[in-house]
Amino acid sequence: QKTIISKQEISGQIAIYNTAGKLIKTSDITFTEGTNNIRIPINELPNGVYILSLIANNNIYNKKFLRLR
């Protein structure tokens, strides 16, 4: 689960990439003004390092994460 605080309502996209840059999964999302809690299902991902990208309002925010079972 990830918490994102938005100053306004925006639509965007969440994408997960592996470290080779291959797109693994993508999802459209809408954030409301204020605090938004999003849950990204990663149960089917094998162990490894991934990059979570949030694309919204012509901006891209990246966060690296480690998937361990």
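This is a short talk on strand β2, its partner strands and the core it helps to build.

Keep in mind that we are looking at a predicted model.

Let's start with the core. The largest nonpolar core has 13 residues. Which of them touch the most other members? They are Ile-14, Ile-16, Phe-31, Ile-38 and Phe-65. Now the elements. Three strands each give two or more residues to this core: β2, β3 and β5. β2 covers 10–18, β3 covers 23–31, and β5 covers 48–56. The largest share comes from β5, with four residues.

Next, the pairing. β2 has β3 as a partner, and the two run antiparallel. How many bridges join β2 to β3? Eight. β2 and β3 also form a hairpin, with four residues between them. Look at Gly-21 in that turn. Gly-21 has a positive phi of about 90 degrees.

β5 pairs with β2 as well. Seven bridges join β2 to β5, again antiparallel. One pair to find on your screen is Tyr-17, whose bridge partner in β5 is Ile-51.

Now zoom in on Ile-14. Across in β3, Ser-27 stands opposite Ile-14. What else does Ile-14 touch, once residues up to four places away in sequence are set aside? Besides Ser-27, the list has Lys-25, Thr-26 and Ile-29. Then come Ile-38 and Ile-40. Leu-52, Ser-53 and Leu-54 complete it. Recall that Ile-38 is, like Ile-14, among the core residues that touch the most other members.

One more residue: Asn-18. Asn-18 sits in strand β2. Where does its side chain reach? A polar atom of the Asn-18 side chain lies 3.0 Å from the backbone nitrogen of Ala-20. The backbone nitrogen of Lys-22 also has a polar atom of that side chain 2.9 Å away. Beyond its neighbours within four places in sequence, Asn-18 is in contact with Ile-24, Val-49 and Tyr-50.

To recap: β2 pairs antiparallel with β3 and with β5. β2, β3 and β5 each give two or more residues to the core. And Asn-18 puts side-chain polar atoms by the backbone nitrogens of Ala-20 and Lys-22.

Terms used:
Residues are numbered from 1 along each chain as its sequence is written. This is a predicted model: local features need pLDDT of at least 70, side-chain atom pairs count only at pLDDT 80 or more; totals for chains, interfaces and linings use all residues. Side-chain values use heavy atoms; hydrogens and water are left out. A nonpolar core is a set of buried Ala, Val, Leu, Ile, Met, Phe, Trp, Tyr and Cys residues joined through side-chain atoms within 4.5 Å. Buried means under 20% relative accessible area, exposed over 50%, partly exposed in between (1.4 Å probe, protein chains only). Contact means heavy atoms within 4.5 Å. Two strands pair if DSSP finds at least two bridges between them. A polar contact is a pair of N or O atoms within 3.5 Å; within protein, one must be able to donate a hydrogen and the other to accept it, and residues adjacent in sequence count only if both atoms are side-chain atoms.
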